[in-house]
Amino acid sequence: SACGNGGQWQKALELFDQLQERGLEPDLITYNALLSACEKGGRWERALEVFDELLQRRGLEPDVISYNALLTACGKGGHWEKSLALFDELQRRGLEPDVITHNALISACG
């Protein structure tokens, strides 16, 4: 989270890799922090990769925070269609969109 806020998305990725190299399992909070760091670094493609990895993790499910970071990343990358598709997916998963979700969609489509 600190790396994302400081624009150090690469450092966030390094730390994430080190975590796994040490045999530690990332949790949802870790994934959300990494998604946020990618979003803040303008790395929407990397954010999609991280999200896909999250979906493959047994016992972990993305939450509205995960989707918000990814929606924002795709929107900032100019991929409003992907943002809309993610919004639909969020709802199909039974998650409740919040104000941040709607703001991200408005920004993506604006």
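Just after helix α3, G42 takes a positive phi of about 70°, and this report on a predicted model starts from that point before moving through helix α3, helix α5 and helix α6.

**Confidence in the model**

The mean pLDDT of the protein is 88, with 93% of its residues reaching 70 or more. Residues 1–6 stand apart from this description, since their pLDDT stays under 50, and for them the model has 9 contacts beyond four places in sequence. Where pLDDT is low, the predicted coordinates should not be read in detail.

**Helix α3 and the loop after it**

Helix α3 covers residues 28–40, and its buried residues are L28, Y31, N32, L34, L35, A37, C38 and E39. At the start of α3, the backbone nitrogen of I29 has a side-chain oxygen of D27 within 3.2 Å. In the loop between α3 and α4 lies G41, which counts as partly exposed because its relative accessibility is 25%, a value that falls between the limits of 20% for buried and 50% for exposed. Between the C-alpha atoms of G41 and D63 the distance in space is 21 Å, while in sequence these two residues are 22 residues apart.

The lengths of α3 and of α6 can each be checked against the rise of 1.5 Å a residue, as set out here.

| Helix | Residues | Number of residues | Expected span | Distance between end C-alpha atoms |
|---|---|---|---|---|
| α3 | 28–40 | 13 residues | 18 Å | 18 Å |
| α6 | 80–92 | 13 residues | 18 Å | 19 Å |

For α3 the distance between the end C-alpha atoms agrees with the expected span, and for α6 there is likewise agreement.

**Helix α5 and its surroundings**

Helix α5 spans residues 64–76, and S66 has its place in this helix. Is S66 buried or exposed? With a relative accessible area of 0%, S66 is buried, because a value under 20% is what the term requires. Leaving aside residues up to four places away in sequence, S66 touches L28, N32, L35, F51 and L54; among these, L28, N32 and L35 are buried residues of α3.

The structure holds 1 aromatic pair. This pair is formed by F51 and Y67, whose rings are arranged edge-to-face, at 5.0 Å centre to centre and with 70° between the planes. The pair links distant parts of the chain, given that F51 belongs to helix α4 (residues 44–56) and Y67 to helix α5, 16 residues apart. Both F51 and Y67 are buried.

N68 is also placed in helix α5, and its relative accessible area of 6% means that N68 is buried. The side chain of N68 makes a polar contact with the side chain of T101, at 2.5 Å. Beyond residues up to four places away in sequence, N68 touches D98, I100 and T101.

**Helix α6**

Which residues of α6 are buried? They are S83, L86, F87 and L90. Seen down the axis of α6, these buried residues fall within an arc of 105°, and therefore they line one face of the helix. What covers the buried residues of α6 includes α5 and α7, the latter running over residues 99–109. Just after α6, G94 takes a positive phi of about 85°.

How values were computed
Residues are numbered from 1 along each chain as its sequence is written. This is a predicted model: local features need pLDDT of at least 70, side-chain atom pairs count only at pLDDT 80 or more; totals for chains, interfaces and linings use all residues. Side-chain values use heavy atoms; hydrogens and water are left out. Helices (H or I, at least four residues) and strands (E, at least two) are DSSP runs, numbered from the N terminus. The expected span of a helix is 1.5 Å times one less than its number of residues. Buried means under 20% relative accessible area, exposed over 50%, partly exposed in between (1.4 Å probe, protein chains only). The arc is that of the directions from the helix axis to the C-beta atoms. Contact means heavy atoms within 4.5 Å. pLDDT is the predictor's confidence in each residue, from 0 to 100. Rings of Phe, Tyr and Trp (its six-membered ring) pair if their centres lie within 6.5 Å; planes under 30 degrees apart count as stacked, over 60 as edge-to-face and the rest as tilted. A polar contact is a pair of N or O atoms within 3.5 Å; within protein, one must be able to donate a hydrogen and the other to accept it, and residues adjacent in sequence count only if both atoms are side-chain atoms.
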